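Me: I am new to this structure and would be grateful for a close look at a single part of it, namely the side chains of opposite charge and their surroundings. Please take me through that part step by step.

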Amino acid sequence: MSLFKNPRGEQPETPDPDAPIPVTIFDLSKRYDLYCSTPSEDRLYEDVRVIGIRTFEKKKQDFGMSLIGGYLEIETRNGARMMIPHIRMYMICEHGSHPDYKVLRIRKADNDA
């Protein structure tokens, strides 16, 4: 006996435990908020569109593209374009969404005594 009943009387579909985790590509028609960290500050690139990836390496046919040294090219609302190192990003949200999270611990900076 189930504790929760489906209003239609149908059993909810259970995911196949052996199925791989789905991998999807970013929707490049949407705008995003990118949260990035630099050694001296945290930054929010707000309401930007992802244009592409730029790299100094040649594209490898067999193994895809390595992103070591790669940059994410973004465009602001006013059309300004910039490239930011992808390794500095720690969160991406669709523009206008408000992610819920809890701060578990605040680390002290080296210059805090």
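Reply: A suitable starting point is Glu75, which counts as buried at 14% relative accessibility (buried means under 20% relative accessible area, exposed over 50%, and partly exposed in between, with a 1.4 Å probe and protein chains only). The model is predicted, so local features need pLDDT of at least 70 and side-chain atom pairs count only at pLDDT 80 or more, while totals for chains, interfaces and linings use all residues. Residues are numbered from 1 along each chain as its sequence is written, and side-chain values use heavy atoms, with hydrogens and water left out.

The side chain of Glu75 meets that of Arg49 in a salt bridge, at 3.0 Å from N to O. This pair connects distant parts of the chain, with Glu75 in strand E3 and Arg49 in strand E2, 26 residues apart. Helices (H or I, at least four residues) and strands (E, at least two) are DSSP runs numbered from the N terminus. Arg49 itself is partly exposed, at 28% relative accessibility. The term salt bridge denotes a side-chain nitrogen of Lys or Arg within 4 Å of a carboxyl oxygen of Asp or Glu. In general, side chains of opposite charge can pair when their charged atoms come close.

A further bridge joins Glu73 to Arg54, whose closest N and O atoms are 3.0 Å apart. Here too distant parts of the chain are linked: Glu73 lies in strand E3 and Arg54 in strand E2, 19 residues apart. Glu73 is buried at 7% relative accessibility, whereas Arg54 is partly exposed at 41%. These two pairs belong to a wider arrangement, since Arg49, Arg54, Glu73, Glu75 and Arg81 are linked in a network of salt bridges.

Another bridge is formed by the side chains of Asp47 and Arg77, at 2.7 Å from N to O. Asp47 sits in strand E2 (residues 42-54), and Arg77 in the loop between strand E3 (71-75) and strand E4 (81-85); the two are 30 residues apart, in distant parts of the chain. Asp47 is buried, with a relative accessible area of 11%, but Arg77 is exposed, with 59%. Across the whole structure, a search finds eight salt bridges.

Attention may now turn to another acidic residue, Glu94, which is found in strand E5 (residues 89-94). Glu94 is partly exposed at 40% relative accessibility. Its side chain makes a polar contact with the side chain of Lys30, at 3.0 Å. A polar contact is a pair of N or O atoms within 3.5 Å; within protein, one must be able to donate a hydrogen and the other to accept it, and residues adjacent in sequence count only if both atoms are side-chain atoms. Leaving aside residues up to four places away in sequence, Glu94 touches Lys30, Arg31, Tyr32 and Asp33, where contact means heavy atoms within 4.5 Å. Glu94 and Asp27 are 67 residues apart in sequence, while their C-alpha atoms are 9.8 Å apart in space.

One of the residues touched by Glu94 is Tyr32, which is buried with a relative accessible area of 5%.
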